[in-house]
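Me: I would like to go through this model by asking what lies behind each label that is put on it. Please set every value against its cut-off before you conclude.

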Amino acid sequence: MKVFIFICTLLISLILPAQAVTILIDPGHGGEDEGARARFYYGKKKWRLIREKDIALSLAKKIHEELGKRNFNSYLTRSVDRTVSLAERAEIADKIKADYFISVHVNASEANEPRGFETYYLDNHNDSAIKKVESVENKNLKGEELIVNKILTDLVIDRTVKYSKGLATSIHSRIQKIVGKKYKLKDRGVKPGLFYVLALTKRPAILLEVGFLSNSRELNKLLNDRFQDRYAKAVAQGLSEYIKNQSKSEPSLL
Ligand SMILES: [Zn+2]
């Protein structure tokens with residue numbers, strides 16, 4: 001009988017996959033919220049308008065696909081160009097019981113020179129550079145919501161910061177190894193940031209600023225399909241490595 005039970009248990013464990021980790025990929029902006037915008041010149045006077053929301057969606061879909069290949073339960077907050085409120089993004093995270101939340105954005109500056117990639121993790125550490133990005137990424141929140149969210153944010157950060165930072169570090173170093181060197185990108189580092197879309201999800205969360213669309217040389221790279229493929233692979237690898245190390249060292253937070 002014992003042998004029978006053992007064989008049954010073994011068979012069940014072989015048939016059922018190990019409990020998969022659920023990831024919610026969030027393409028920044030969408031619909032009437034276009035995010036940052038820039039002109040892409042393909043001739044002397046010929047140009048077309050590039051919008052952050054479109055690059056973010058394209059990249060997010062590729063990351064989603066890569067995670068699927070690695071047997072993660074991966075979801076997108078939007079798969080088309082539509083308006084999604086920050087609250088709705090958080091609701092999706094609750095609904096699918098996401099373990100981690102990854103928001104995808106593209107940077108912009110009024111100057112042409114700034115370039116490079118950076119990875120933010122949810123934290124309320126203060127810094128003028130963070131504030132600048134925050135104001136762009138948090139711009140569609142009204143004052144009243146901000147107050148409520150600030151209280152919520154403090155509680156969430158205490159509980160998640162360690163995991164958010166670990167995930168951000170792992171993914172960032174993969175991006176540097178796979179994409180940064182090949183495309184000569186400037187490494188702007190892993191940074192703490194107070195993004196309400198991250199806080200509202202109430203789980204470990206990071207925000208990727210892939211590059212600057214206000215820098216024409218960088219915009220060329222961002223629009224390149226191979227670049228986007230490599231970037232997506234790097235994110236998926238960084239995430240896999242983090243999950244692997246996490247399960248070795250200690251049980252998950254959630
Ligand atoms: Zn953005």
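Reply: A good place to start is A56, which has its place in helix α2 (residues 52-69), where helices are DSSP runs of H or I with at least four residues, strands are runs of E with at least two, and both are numbered from the N terminus. This is a predicted model, in which local features need pLDDT of at least 70 and side-chain atom pairs count only at pLDDT 80 or more, while totals for chains, interfaces and linings use all residues. Residues are numbered from 1 along each chain as its sequence is written.

Me: Why does A56 count as buried?

Reply: A residue is buried if 20 or more other C-beta atoms, placed from the backbone, lie within 10 Å of its own, exposed if 12 or fewer do, and partly exposed in between. A56 has 25 C-beta neighbours inside 10 Å, and therefore counts as buried.

Me: Which residues does A56 touch, leaving out those up to four places away in sequence?

Reply: Contact requires C-beta atoms, placed from the backbone, within 7 Å, and on that basis A56 touches P27, G28, H29, G35, V104, H105 and V106. The C-alpha atoms of A56 and S103, which are 47 residues apart along the chain, are separated by 8.8 Å.

Me: How do you know that the span of α2 agrees with what its 18 residues should give?

Reply: The expected span is 1.5 Å times one less than the number of residues; for the 18 residues of α2 this should be 26 Å, and the end C-alpha atoms are 26 Å apart, so the two agree. Just after α2, N71 takes a positive phi of about 65 degrees.

Me: What puts the buried residues of α3 on the same side?

Reply: In α3 (residues 86-95), the buried residues are L86, R89, A90 and A93. They cover an arc of only 95 degrees around the axis, which is why they lie on the same side of α3; the arc is that of the directions from the helix axis to the C-beta atoms. Their cover includes β1 (22-27), β5 (100-107) and α6 (196-200).

Me: What makes β3 a strand that is hardly covered, and how is β3 paired with β2?

Reply: Among the 5 residues of β3 (residues 47-51), the count of buried residues is 0. Strands pair if DSSP finds at least two bridges between them, and β2 (residues 37-41) and β3 have 5 bridges, in the antiparallel sense. R39 stands opposite L49 in β3, and the two strands form a hairpin with 5 residues between them.

Methods:
Contact = placed C-beta atoms within 7 Å.
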